[in-house]
Amino acid sequence: MESDTTESQPGDWPDSDGTPADVPVLRVIYTSISRLQGPVLAEMRLIRDQAGRRNGPEGIRVALLFKSGYFVQWAEGPPAAVDQLLDRVAGDPRHHRLQVLHRSLGRRRLFRPWIGAIVQSDEPPAVMAARVQRMLKRPEQVATREPAEVWASLCSPPQPDMPRPGGAGLRVMLLSARGRHSFDLLRWVADHYRRPIVSRRFAAAADDVPDVASDYIDLPHDDMPGGLRLVAHARQSLAMGVAHAFLPDHGAVVIRLDGELERNRQLVDRLMGVCDQVQHRLPIVGLGSLNSGQDELARRVRDMGHEWLEATVPAGLVSEARHWACLTPVLSRLAAARSA
Ligand SMILES: Cc1cc2nc3c(=O)[nH]c(=O)nc-3n(C[C@H](O)[C@H](O)[C@H](O)COP(=O)(O)O)c2cc1C
């Protein structure tokens, strides 16, 4: 997995073109079965380069995911161009059994000609096939849902023991102002509750932009009706189309703060930039000790029209367990407010 050492400054958008989302487009989601024999990442990069040449000029944006031997592609754009793309892709020998699951006219959610993702999963292809079949049997249900929801229920369905089917619980993005502390906390929570971690790798839109990883767990929790999906992201993913497409599906973003205020400022500003880009407001939770500059960060966030919540970790021995103990009451309040 890629380490999170590369920093881009607020205002850098290596992977997003920021075109407004107000013109209705055709949105299509299809699945197909891969015929790839060799390394998937290398082939995804080839497809990315082909898509990069064609999609942008034709006004098309896509998210392509590979999981359990399946491709899932979500494409948006002018109707004629999207249909031509489908015709072209259908004849590609790298996959077969292309089946369109969703087709609707509506608002754009993808902000970039290309998002590529590979999910590392030990889920057998038969389980993915069963999900596809269930959707094909209920076309009217799939047609009325937003593409992001269809995509999520195909590609990252909730664990079967989550309290509410369909992933209706609280979804929280976890970022850290330094290092990979968001991933460390997620791992601790996963170990503590014995929950499996799902790892995804998002392929960048160009060779000079690093790929990024994202891990998540699903957690049933007594104090959170509907349960919690906790998604750890690298800071770098805020510069990628994937964060822009999926940020609106999160109920909150938790920032694991650092003792160095400048790092916290940079991350908050970058996050505010993405929210602005996708025109979405959501609660931001500052998780850290009292010397992390919460007052200034709170002002910055509130000035931009977002809610700021604090999960203050008392001074002393600072451990993952302590961070989690301070964070859970805040998440419980958010979950309760959501289901009220
Ligand atoms: C799963 C999958 C997804 C693809 N997605 C795209 C895409 O979004 N845009 C695109 O131009 N080509 C995409 N391709 C590649 C096309 O099938 C085709 O090879 C490419 O567009 C070149 O077509 P041309 O030789 O007619 O120029 C995809 C291929 C596969 C297997």
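Student: A crossover is called right-handed if, with the strands pointing away from the viewer, the path from the first strand over the helix to the second runs clockwise. Which elements make a right-handed β-α-β unit here?

Tutor: Please keep in mind that this is a predicted model. In it, the right-handed β-α-β unit is made by strand 10, helix 8 and strand 11. Helix 8 covers residues 261-277, and strand 11 covers residues 284-288.

Student: And how do strand 10 and strand 11 pair, parallel or antiparallel?

Tutor: They pair in the parallel sense, over four bridges. One residue to look for is Arg-256 of strand 10, whose bridge partner in strand 11 is Leu-287.

Student: What about strand 6, how many bridges does it share with strand 10?

Tutor: Strand 6, residues 170-176, pairs with strand 10 over five bridges, in the parallel sense. Arg-256 appears here again, since Ser-176 stands opposite it. Strand 10 therefore has strand 6 as one pairing partner and strand 11 as another, by the rule that two strands pair if there are at least two bridges between them.

Student: Is strand 10 buried or exposed, then?

Tutor: Strand 10, residues 252-256, is mostly covered, and five of its five residues are buried. Both of its faces are covered. Ala-252, Val-254 and Arg-256 are buried on one side, and Val-253 and Ile-255 are buried on the other.

Student: New topic. How many salt bridges are there in the whole structure?

Tutor: A search of the whole structure finds 19. One of them joins Arg-178 and Glu-260, with the closest N and O atoms 3.0 Å apart. This pair links distant parts of the chain, its residues being 82 apart. Arg-178 sits in the loop between strand 6 and helix 6, and Glu-260 sits in the loop between strand 10 and helix 8.

Student: Are Arg-178 and Glu-260 buried or exposed?

Tutor: Neither word fits, because the relative accessible area of Arg-178 is 31% and that of Glu-260 is 40%. Buried means under 20% and exposed means over 50%, so Arg-178 counts as partly exposed, and so does Glu-260.

Student: Which residues are joined into one network by salt bridges that share partners?

Tutor: The network joins Glu-262, Arg-265, Asp-269, Glu-296 and Arg-300.

Student: Where do Glu-58 and Arg-54 lie?

Tutor: Both lie in helix 1, four residues apart, which is about one turn of the helix. They form a salt bridge, and the closest N and O atoms are 3.4 Å apart. Glu-58 is partly exposed at 25% relative accessible area, and Arg-54 is partly exposed at 39%.

Student: What do the side chains of Glu-149 and Arg-145 form?

Tutor: They meet in a salt bridge, at 3.6 Å from N to O. Glu-149 has a relative accessible area of 43% and so counts as partly exposed. Arg-145, at 24%, is partly exposed as well.

Student: Back to helix 1: is Asn-55 buried or exposed?

Tutor: Asn-55 lies in helix 1 and is buried, because its relative accessible area is 2%, where the limit for buried is under 20%. Its C-alpha atom is separated by 31 Å from that of Pro-124, which is 69 residues apart from Asn-55 along the chain.

Student: Now pockets. How much space lies in the second largest pocket?

Tutor: About 340 Å³. Its lining has 17 residues, and Ile-47, Gln-50, Val-89, Asp-92 and Arg-94 lie nearest its centre.

Student: Which element gives the most to the lining of that pocket?

Tutor: Helix 1, with six residues. Helix 1 (40-58), strand 3 (70-77) and helix 2 (79-90) each supply at least two residues of the lining. By class, the lining has eight nonpolar, four polar and five charged residues.

Student: Last one: which residues other than glycine have a positive phi?

Tutor: Arg-97 and Gln-279 are two to look at. Phi of Arg-97 is near 55°, and this residue is in strand 4, residues 95-106. Phi of Gln-279 is about 50°, and Gln-279 is found in the loop between helix 8 and strand 11. With a relative accessible area of 58%, Gln-279 is exposed.

Conventions
Residues are numbered from 1 along each chain as its sequence is written. This is a predicted model: local features need pLDDT of at least 70, side-chain atom pairs count only at pLDDT 80 or more; totals for chains, interfaces and linings use all residues. Side-chain values use heavy atoms; hydrogens and water are left out. On a 1 Å grid over the protein atoms alone, a cavity is a set of points where a 1.4 Å probe fits but cannot get out, and a pocket is an open set with protein on both sides within 12 Å along at least five of seven lines; lining residues have an atom within 4 Å of a point. Grid points are joined across faces, edges and corners, and a volume is the space filled by probe spheres set on the points. Ala, Val, Leu, Ile, Met, Phe, Trp, Tyr, Cys and Pro count as nonpolar, Asp, Glu, Lys and Arg as charged, and the others, Gly among them, as polar. Buried means under 20% relative accessible area, exposed over 50%, partly exposed in between (1.4 Å probe, protein chains only). A salt bridge is a side-chain nitrogen of Lys or Arg within 4 Å of a carboxyl oxygen of Asp or Glu.
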